[in-house]
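Welcome, and please load the model in your viewer. We will go from one selection to the next, with a short stop at each.

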Amino acid sequence: MKIYCVGGAIRDELLGLPVKDRDWVVVGATPEALLAEGYRPVGKDFPVFLHPRTHEEHALARTERKTAPGYAGFVFHTDATVTLEEDLARRDLTINAMARGDDDVLVDPYGGQADLQARVFRHVSPAFAEDPVRILRVARFAARFADFRVAPETLQLMQAMVAAGEVDALVPERVWQELARGLMEARPSRMIQLLRDCGALARILPELDCLFGVPQPARYHPEVDTGVHQLLVIDAAAASGQPLAVRLACLFHDLGKGLTPAHILPHHYGHEAASETLARQVCDRLKCPADCRDLAVMTAREHGIVHQALQLRPETTVKLIERCDGLRRPERFEAMLAACACDHRGRGDPAGGRPYPQQARLLAALHAVRGVDAGAIARGLEDKSRIPAAVHAARVGAVKALGLAVVEEDTKIDTFPLGERQ
């Protein structure tokens, strides 16, 4: 029996990156032998065991055979005769198909080390095409390793998989899992771009894919292309270290622009309402967590008026905070402002990094509104029916007391006419 560390741990070690988790493969053993050594079984589809002391997962070397469409249609074979090279051959990319034994010798039968040095994602074998999840994984790796490129033959294989309908067999939970992980990488735009390049984006997120090629006014969007804008925005979110919910809100905030009638392009008046509906539909389809869904929907609905915060009257500002449940959920309101700041900075020009005073203004207004003692107001009124109006008036007064001047200059970002939501 021989034990090898395999996969991502070896890759990251060779790249000089921190190794977070280690995967182990056991060659020349049987389940009975591992049980006798004190290993605890945990695998469902194939034999996986926890080490008796480290509790790290150890899998028996295995081969696999495709038996049905999709990522779940496999039969696995494990026994003591399966070699390390056979086990590595079933892995997705050459850079993930290396191993190291206790003798510290690198086992690299498929050229993974050379591809690491060349910064190339290359599939190990034609068996790559049997598992559509690998398309999502390669896209996620592209977001993590921003200086790597996909080998032409691998991209062609991914495109053929999409054409064959393999991606259509992916279940929403797995799409969300890989999308969420990719959004949290350093350059999430590369994940979206690669999914688009291979055709998978049109299958799993058609609402996002259709934004590419849709024009916006160059006055507000020097990048012009709506899809390109989405990529810039999610990279701005990554650069500022935003959490997952904010990054998803950034990705979905402009989905409604894909429905803009051609005769009013490049303008997108009132696209927020359509974006709100689509953001909810997509989040429900992917079965996103509730916190991610709620922030994405709210950002899609409100980002236009947030961008106009410098022109809003105190009354309108308070209505925005109340509508967004900012009094009870201030952290979510703050997260929406963070997403809007990323939207502001996701422009195809150097000025995209300019300050975003709307965020500071609305944060100050939120603090002022939350400082109003609604209970004291209620106790001071004999006519209890007047409580809601009195509390609202006090909140408006608190925002007025900030003394924030209304900016008259046009700083709108191609949303709705300012008066429509006041």
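Throughout this tour, contact means heavy atoms within 4.5 Å. Keep in mind, too, that this is a predicted model.

**Stop 1: helices α13 and α14**

Select residues 271-286, which form helix α13; then add residues 290-307, helix α14. The axes of α13 and α14 come within 7 Å and cross at roughly 170°. That angle makes α13 roughly antiparallel to α14, because anything over 145 degrees counts as such. Show the side chains where the two helices meet: on α13 these are His271, Glu272, Ser275, Glu276, Ala279, Arg280, Cys283 and Asp284. Facing them on α14 are Arg293, Ala296, Val297, Ala300, Arg301, His303 and Gly304. Colour the contact of α13 with α14 by class and you will find six charged, five nonpolar and four polar residues.

**Stop 2: helices α14 and α16**

Keep α14 on screen, hide α13, and select residues 330-345 for helix α16. The axes of α14 and α16 are 9 Å apart, and the helices pack at an angle of about 60°. α14 and α16 are therefore oblique to each other, and their crossing is right-handed. On the α14 side, pick out Asp294, Leu295, Met298, Thr299, Glu302, His303, Val306 and His307. From α16 come Arg332, Phe333, Ala335, Met336, Leu337, Ala339, Cys340, Asp343 and His344. By class, this contact of α14 with α16 holds nine nonpolar residues, along with four polar and four charged ones.

**Stop 3: Cys340 and the cysteines around it**

Now centre the view on Cys340, in helix α16. Is Cys340 buried or exposed? Cys340 is buried, with a relative accessible area of 0%. Leaving aside neighbours within four places in sequence, its contacts are His303, Val306, His307 and Tyr356. For a sense of distance along the helix, draw a line from the C-alpha of Cys340 to that of Pro330: they are 10 residues apart in sequence and 15 Å apart in space.

How many disulfides does the structure hold? The count is zero. Cys340 is in no disulfide, and the nearest cysteine sulfur, that of Cys250, is 8.3 Å away. Next, click on Cys342, which is also buried, with a relative accessible area of 2%. Why does Cys342 not form a bond with Cys250? The sulfur of Cys342 is 4.3 Å from that of Cys250, its closest cysteine sulfur, and this is too far for a bond, because a disulfide needs the pair of sulfur atoms within 2.5 Å.

**Stop 4: helix α12 and the loop after it**

Cys250 leads us to α12, so select residues 244-252. α12 is mostly covered, with eight of its nine residues buried. The buried ones are Ala245, Val246, Arg247, Leu248, Ala249, Cys250, Leu251 and Phe252. Follow the chain on into the loop between α12 and α13, where Pro266 lies. Show the backbone here: the peptide bond from Leu265 to Pro266 is cis, with omega near 10°.

**Stop 5: two aspartates with positive phi**

Jump to Asp104, in the loop between β8 (99-101) and β9 (106-107). Asp104 has a positive phi of about 70° although it is not a glycine. With a relative accessible area of 53%, Asp104 is exposed.

For the other one, go to Asp325, in the loop between α15 (314-323) and α16. Here phi is positive at about 60°, and Asp325 is not a glycine either. Asp325 counts as partly exposed, at 21% relative accessibility.

**Stop 6: Ala360 on α17**

Select residues 357-370, helix α17, and find Ala360 within it. Ala360 counts as exposed, at 51% relative accessibility. Draw a distance from its C-alpha to that of Glu223: the two residues are 137 apart along the chain, and their C-alpha atoms are separated by 26 Å.

**Last stop: the whole protein**

Zoom out and switch to cartoon. The protein has 19 helices and 11 strands. Along its principal axes, the C-alpha trace spans about 85 × 50 × 40 Å. Colour by accessibility: buried residues make up 49% of the 422 residues. Among contacts with a separation of 6 or more, 66% are between residues 24 or more positions apart.

Terms used: Residues are numbered from 1 along each chain as its sequence is written. This is a predicted model: local features need pLDDT of at least 70, side-chain atom pairs count only at pLDDT 80 or more; totals for chains, interfaces and linings use all residues. Side-chain values use heavy atoms; hydrogens and water are left out. Buried means under 20% relative accessible area, exposed over 50%, partly exposed in between (1.4 Å probe, protein chains only). Axes are lines fitted to C-alpha atoms, for helices over the stretch in contact, and angles run from 0 to 180 degrees between N-to-C directions. Helices (H or I, at least four residues) and strands (E, at least two) are DSSP runs, numbered from the N terminus. Angles under 35 degrees count as roughly parallel, over 145 as roughly antiparallel, 65 to 115 as roughly perpendicular and the rest as oblique. A crossing is left-handed if the near helix is turned anticlockwise from the far one by less than a right angle, and right-handed if clockwise. Ala, Val, Leu, Ile, Met, Phe, Trp, Tyr, Cys and Pro count as nonpolar, Asp, Glu, Lys and Arg as charged, and the others, Gly among them, as polar.
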